[in-house]
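Here's a quick briefing to read with the model open in your viewer. It goes topic by topic, starting with the rings.

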Amino acid sequence: MLGYHGWSVDLLLLTSVAIICAWPFRCRKDAETDEQQTPDEDNEKPQIDHLDWGVHLGSLGRYERAAESFRRAAELDPEDLAARFNLALALDLAGRHQEAREAYEHVLESDSSNADAHLNLSLALHSVGDTAGAHDRLRTALSLATDDATAHYNLGCLYAVEKQWTEAAAEFRLAANLDPKDAQTRFNLAIALRKAGQTAEAEPELRDFLALARGRYPEQIAYADELLQKEYDTMGGSDAS
């Protein structure tokens, strides 16, 4: 899973927003891209493909510039859903969450079954403080794509922010079942289980997190190590001698 905010060591990865967006930016099919780049009859120069250029800028983290390029692509072809989706994503990544919200809603007016748009709209709604709306959009995304690990993960994050730990653990568990090698999910699952009073069930998740982290996320590794050493190993955990 790809988060676009840093991790927080505040027990969970949630306070600095570990909710993640559907990624990456959309590209056109090869045939459509080739058609966009055909020479102009008057000057024989290829036209700029604003969608491709926006994707390039976005990959460099230049989200404001990418949004400008995607907006131009959408103006040239209002039916280009890839350009409109990318515009919304770039705006959200640039921190312009209210504009992103409106852009995602515009996408969904034409494509109401776009699960990724619902998922990403939930992130924009969360960013502007509309938690209830974020929940609704995530549930819609899951109704359209029940096997979407990211949607389950994000819903778990929302529950955790609201301190609904049992519900958070259930969603993180679903995400982990779908994507068992994601370290973020396993760490969040472990902490949610502990907060829900399921301390014993959290131990294997902490150990799996350490195996999956592979040196990444040093603050979370230190926290997991400390928990295992001070609580689980001394209590005769599964790996204790």
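Phe 187, Phe 209 and Tyr 223 come together as one aromatic cluster. Keep in mind that you're looking at a predicted model. Across the whole structure, a search turns up five aromatic pairs, and two of them are picked apart below.

**Aromatic pairs**

- Phe 85 and Tyr 104 make an edge-to-face pair, with 5.9 Å from centre to centre and 70° between the planes.
- That pair links distant parts of the chain: Phe 85 belongs to helix 4 (residues 81–93) and Tyr 104 to helix 5 (residues 97–110), 19 residues apart.
- Phe 85 counts as buried because its relative accessibility is 2%, and Tyr 104 is buried too, with a relative accessible area of 0%.
- Back in the cluster, Phe 187 and Phe 209 form a tilted pair, 4.9 Å centre to centre with 55° between the planes.
- Phe 187 sits in helix 10 (residues 183–195) and Phe 209 in helix 11 (residues 199–213), so this pair ties together parts that are 22 residues apart in sequence.
- Buried or exposed, for Phe 187 and Phe 209? Both are buried.
- Phe 85 has a charged partner as well: the charged end of Arg 26 sits over the Phe 85 ring, 4.0 Å from its centre.

**The chain as a whole**

- The protein chain has 12 helices and zero strands, so read from the N terminus on, the elements go α-α-α-α-α-α-α-α-α-α-α-α.
- The chain has 241 residues, and 46% of them count as buried.
- Take the contacts between residues at least 6 apart in sequence: 52% of those join residues at least 24 apart.
- About 12000 Å² of the protein chain is exposed, and carbon and sulfur atoms supply 48% of that.

**Helix 3, one face in and one face out**

- Helix 3 (residues 63–76) has 14 residues, which should span 20 Å at 1.5 Å a residue; its end C-alpha atoms are 20 Å apart, so the two agree.
- Which residues of helix 3 are buried? They are Ala 66, Ala 67, Ser 69, Phe 70, Ala 73 and Ala 74.
- Looking down the axis of helix 3, you'd find its buried residues within an arc of 165°, so they line one face of the helix.
- As a reminder, an α-helix has 3.6 residues a turn, so residues three or four places apart point the same way.
- On the other side of helix 3, Glu 68, Glu 75 and Leu 76 are exposed.
- The cover over the buried residues of helix 3 includes helix 2 (50–59) and helix 4.

**Helix 5 and its neighbours**

- Helix 5 passes the same kind of length check: 14 residues at 1.5 Å a residue should span 20 Å, and its end C-alpha atoms are 20 Å apart, which agrees.
- His 97, Ala 100, Ala 103, Tyr 104, Val 107 and Leu 108 are buried in helix 5.
- Those residues cover an arc of only 140° around the axis, which puts them on the same side of helix 5.
- What do the buried residues of helix 5 pack against? Helix 4, helix 6 (115–127) and helix 7.

**Two buried spots in helices 7 and 8**

- Ala 141 is in helix 7 (residues 131–144), and it counts as buried because its relative accessible area is 1%.
- Skipping neighbours within four places in sequence, Ala 141 is in contact with Ala 115, His 118 and Leu 119.
- Ala 141 and Ser 113 are 28 residues apart along the chain, and their C-alpha atoms are separated by 8.3 Å.
- Leu 158 is in helix 8 (residues 149–161) and is buried, with a relative accessible area of 2%.
- The C-alpha atoms of Leu 158 and Leu 138 are separated by 9.8 Å, with their positions 20 residues apart along the chain.

**Positive phi in the loops**

- Lys 163 isn't a glycine, yet its phi is positive, about 60°.
- You'll find Lys 163 in the loop between helix 8 and helix 9 (165–178), and at 60% relative accessibility it counts as exposed.
- Arg 214 is also a residue other than glycine with a positive phi, near 50°.
- Arg 214 lies in the loop between helix 11 and helix 12 (218–232), and it counts as exposed because its relative accessibility is 73%.

Technical notes:
Residues are numbered from 1 along each chain as its sequence is written. This is a predicted model: local features need pLDDT of at least 70, side-chain atom pairs count only at pLDDT 80 or more; totals for chains, interfaces and linings use all residues. Side-chain values use heavy atoms; hydrogens and water are left out. Helices (H or I, at least four residues) and strands (E, at least two) are DSSP runs, numbered from the N terminus. Buried means under 20% relative accessible area, exposed over 50%, partly exposed in between (1.4 Å probe, protein chains only). Rings of Phe, Tyr and Trp (its six-membered ring) pair if their centres lie within 6.5 Å; planes under 30 degrees apart count as stacked, over 60 as edge-to-face and the rest as tilted. A charge sits over a ring if NZ of Lys or CZ of Arg is within 6 Å of the ring centre and within 35 degrees of the ring normal. Contact means heavy atoms within 4.5 Å. Accessible areas come from the Shrake-Rupley method with a 1.4 Å probe; for residues, only the protein chains shown count as cover. The expected span of a helix is 1.5 Å times one less than its number of residues. The arc is that of the directions from the helix axis to the C-beta atoms.
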